[in-house]
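User: I would like to learn how the labels used for a protein model are decided, and I am new to this. Could we go through them one at a time, setting each value against its definition?

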Amino acid sequence: MGQALNTQSSSVGGDDMNGAARNTRADMTGTARHAQRGAHENGKVAASDDIAHGTPGLSANAPVLDISSLTLEFPIFKGVVKALNGVNLQVHQGEIVGLVGESGSGKSVTAMAILRLLQQDAFRVTAGAITVLGHDVFALQEPELLAMRGRDVAMIFQEPMTALNPTRKVGRQLADVIRRHQPVSPAKALERAERLLRDMYIGDPVDVLKRYPFELSGGMRQRIMIALAFSCSPSLLIADEPTTALDVTVQRQVLLLLRQKARALGTAVLFITHDMAVVSQFCDRVYVMYAGSVVEQGPTASLIASPAHPYTQALLRGLPENALPRTELPAIPGHAPDLSALPEGCPFRDRCPFADEQCRQKPPLEPMPGAPERAYACWHPARSAGVSQSE
Ligand SMILES: Nc1ncnc2c1ncn2[C@@H]1O[C@H](COP(=O)(O)OP(=O)(O)OP(=O)(O)O)[C@@H](O)[C@H]1O
Ligand code: SF4
Ligand SMILES: [Mg+2]
């Protein structure tokens, strides 16, 4: 992973963060939309008018997040890392959308690009656009960008400990972030912090607010980060591998909380993971990414029941629940291509058992005949569809 991304394994929200990137993350947990979306009253999360009538400033059916034909590269000493190659991805209000793929496929670069968190001089966009709530992200001036991060979009990263200041009590940190975005007294901010923790089913929030982060479990810290992320009732939440560091039981609890909260607020969620099992339990729709391209997309249940792309099929064959008793889980043979030396044609060509001459040309992402809500980028889905999941 490139240097610019090394900071991303932390979580958004601590006000303690060092440097610009960390301040930016603290901003993204803002609470300014409380007034507009009026969600937390009397300790409960209430559906607001905005949710009932759509997101303000966004026409009906327009996606909250719209990535179209995004091509993004990192110039390096010996050439160019082609990190994103014509990515199309949309997330609508109230939807939980998964972005799944192996390590290095471009998931985090996509997330960072949405909020312009990539180091400014490290990358260039050669085609395409990202809009959030109808605003062209790359055209935003710095003040508008900061406002968007504080008001409309929140982000949760993998490891909360690096985002929380170990030397300051949780309550103080939460209250500071709340006050950054809302003109309330310190006492009122603490009250809100307590309510947010209660929403996360933290049993004794008053006690937790008095503790230092290192006194809490990983699952508890991640709940605090989720509480913080939702404190601004964001229109869009980006969660980049938020539960990877947690054990399976805690992971499930945290995911359920995240989903419950997102549903209650009508938040659009882009959920990034390498784990198809998590996608299957948690996401309404899914985009499968490979070597910086979306290779398949569609409603989760349908895509998992009948994956069209050989890469999606291979990912699903690797799920423990698809393994035969006393057999090893099949790994996908070979390696993902070097993004600074991408081969011509289909990026999966070197690992695909169905590759032929035609695959020397890159297949477009096209709707599935008879199921336009699904799409795949493969010349020969019919061939691969004949392969059962256990083969
Ligand atoms: N600043 C940078 N300079 C050069 N290459 C970079 C930079 N940032 C990211 N990359 C490259 O972009 C590609 C995509 O990286 P990304 O972090 O998005 O992968 P990922 O899908 O999130 O993987 P993981 O599952 O491991 O988090 C990788 O090849 C990475 O090395
Ligand atoms: S286009 Fe060809 S190489 Fe690519 S996934 Fe389909 S069959 Fe395999
Ligand atoms: Mg990543």
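**Labels and their cut-offs**

Analyst: Just after helix 4, Arg 116 has a positive phi of about 50°. Here helices (H or I, at least four residues) and strands (E, at least two) are DSSP runs, numbered from the N terminus. The model is predicted, so that local features need pLDDT of at least 70 and side-chain atom pairs count only at pLDDT 80 or more, while totals for chains, interfaces and linings use all residues. Residues are numbered from 1 along each chain as its sequence is written, and chains are lettered from A and ligands numbered from 1 in the order in which they are written.

User: What makes the phi of Arg 116 worth pointing out?

Analyst: Most residues other than glycine have a negative phi. Arg 116 is a residue other than glycine, yet its phi is positive, near 50°, and it lies in the loop between helix 4 and strand 6. Tyr 201 is also a residue other than glycine with a positive phi, near 55°, and its place is the loop between helix 7 (186–199) and helix 8 (205–209).

User: Why is Arg 116 called partly exposed, and is Tyr 201 buried or exposed?

Analyst: A residue is buried if 20 or more other C-beta atoms, placed from the backbone, lie within 10 Å of its own, exposed if 12 or fewer do, and partly exposed in between. Arg 116 has 17 C-beta neighbours inside 10 Å, a count between those two limits, and therefore it is partly exposed. Tyr 201 has 12 other C-beta atoms within 10 Å, which satisfies "12 or fewer", so Tyr 201 is exposed. For the chain as a whole, buried residues make up 46% of the 391 residues.

User: How do you know that helix 4 is largely enclosed by the rest of the structure?

Analyst: The conclusion rests on burial, because 8 of the 8 residues of helix 4 are buried. Among them are Lys 107, Ser 108, Val 109 and Thr 110, together with Ala 111 and Ile 114.

User: Which strands form the open sheet of 4 strands, and what makes two strands a pair?

Analyst: Two strands pair if DSSP finds at least two bridges between them. The order of this open sheet is 4-3-6-7, and the pairing is antiparallel. Strand 4 (79–91) and strand 7 (135–136) are called edge strands, as each pairs on one side only. Helix 4 (residues 107–114) packs on the sheet, touching strand 3, strand 4 and strand 6, and its direction makes about 70° with that of strand 4. Such angles run from 0 to 180 degrees between N-to-C directions, along lines fitted to C-alpha atoms, for helices over the stretch in contact. Contact, in turn, asks for C-beta atoms, placed from the backbone, within 7 Å.

User: How do you know that strand 3 pairs with strand 6, and how many bridges join strand 6 and strand 7?

Analyst: Strand 3 (residues 65–76) and strand 6 (residues 124–132) run antiparallel and are joined by 7 bridges, so the requirement of at least two is met. Asp 66 has Thr 131 of strand 6 as its bridge partner, and Ser 68 stands opposite Ala 129 in strand 6. Strand 6 and strand 7 are joined by 2 bridges, in the antiparallel sense, which means that they too qualify as a pair. These two strands form a hairpin with 2 residues between them, where Leu 133 in the turn has a positive phi of about 50°.

User: What makes a group of residues a nonpolar core, and which members of the largest one touch the most others?

Analyst: A nonpolar core is a set of buried Ala, Val, Leu, Ile, Met, Phe, Trp, Tyr and Cys residues joined through C-beta atoms within 7 Å. The largest such core has 99 residues, of which Val 132 and Ile 226 touch the most other members. Helix 9 (residues 218–230) gives the largest share of this core, 7 residues. Not counting residues up to four places away in sequence, Ile 226 touches residues including Ile 156, Met 200 and Val 254. Helix 9 also lies across strand 8 and strand 9 (236–240), running at about 170° to strand 8.

How values were computed: Two residues are in contact if their C-beta atoms, placed from the backbone, lie within 7 Å.
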